[in-house]
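Please find below my notes on the model, set out as numbered points. They begin with the terms used and then move from strand pairing to the core.

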Amino acid sequence: MKKMLFGLLLFLQVFTCWAQETSKVRGTVIDSKSNKPLQDISAVLQSTNLTVTTNAEGVFIFDNVAEGKQVVEVKSAGYNPKRFYIDV
């Protein structure tokens, strides 16, 4: 079975909602070899097990994320999963 590395770059942006104590987390998944966005990649917010999928531009968005340390895991069949530790 051929092993494929989950080669990607993930850019995370955290947007704070000033009136609330939640934020929006936005990320873009890009293949590190081709430098192209990856569509239909699962992104999981570990604290909630909420899963979203990247769009055609490789973008995913989590709304209403609690402040504090969070873990986002990005995974897809044929790639090794990758975890990102962020402060919201």
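1. Two strands are taken to pair if DSSP finds at least two bridges between them, and helices (H or I, at least four residues) and strands (E, at least two) are DSSP runs numbered from the N terminus. This is a predicted model, in which local features need pLDDT of at least 70 and side-chain atom pairs count only at pLDDT 80 or more, while totals for chains, interfaces and linings use all residues. Residues are numbered from 1 along each chain as its sequence is written, and side-chain values use heavy atoms, with hydrogens and water left out.

2. The protein has seven strands and zero helices, so that by the DSSP run criterion the pattern along the sequence reads β-β-β-β-β-β-β.

3. Strand 3 (residues 42-45) and strand 4 (residues 50-53) run antiparallel and are joined by four bridges. The two strands form a hairpin with four residues between them, and in the turn asparagine 49 has a positive phi of about 60°. Within this pairing, leucine 45 has leucine 50 as its bridge partner, and alanine 43 stands opposite valine 52.

4. Strand 3 is also joined by four bridges to strand 6 (residues 69-75), again antiparallel, and here the bridge partner of leucine 45 is valine 72. The resulting open sheet has four strands in the order 4-3-6-7, with antiparallel pairing. Its edges are strand 4 and strand 7 (82-87), each of which pairs on one side only. Neighbouring strands of this sheet are turned by 25° against each other on average, direction ignored (axes are lines fitted to C-alpha atoms, and angles run from 0 to 180 degrees between N-to-C directions).

5. The largest nonpolar core, a set of buried Ala, Val, Leu, Ile, Met, Phe, Trp, Tyr and Cys residues joined through side-chain atoms within 4.5 Å, has 15 residues, of which Phe60, Phe62 and Val72 touch the most other members. Strand 2 (22-31), strand 3, strand 5 (59-66), strand 6 and strand 7 each supply at least two residues, and strand 5 gives the most, with three.

6. Valine 72 deserves a separate remark: leaving aside residues up to four places away in sequence, its contacts (heavy atoms within 4.5 Å) include Phe60, Phe62, Phe84 and Ile86, as well as Ala43, Val44 and Leu45.

7. Buried residues (under 20% relative accessible area, with a 1.4 Å probe and protein chains only) make up 36% of the 88 residues. Among contacts between residues at least 6 apart in sequence, 46% join residues at least 24 apart.

Note on methods
Buried means under 20% relative accessible area, exposed over 50%, partly exposed in between (1.4 Å probe, protein chains only).
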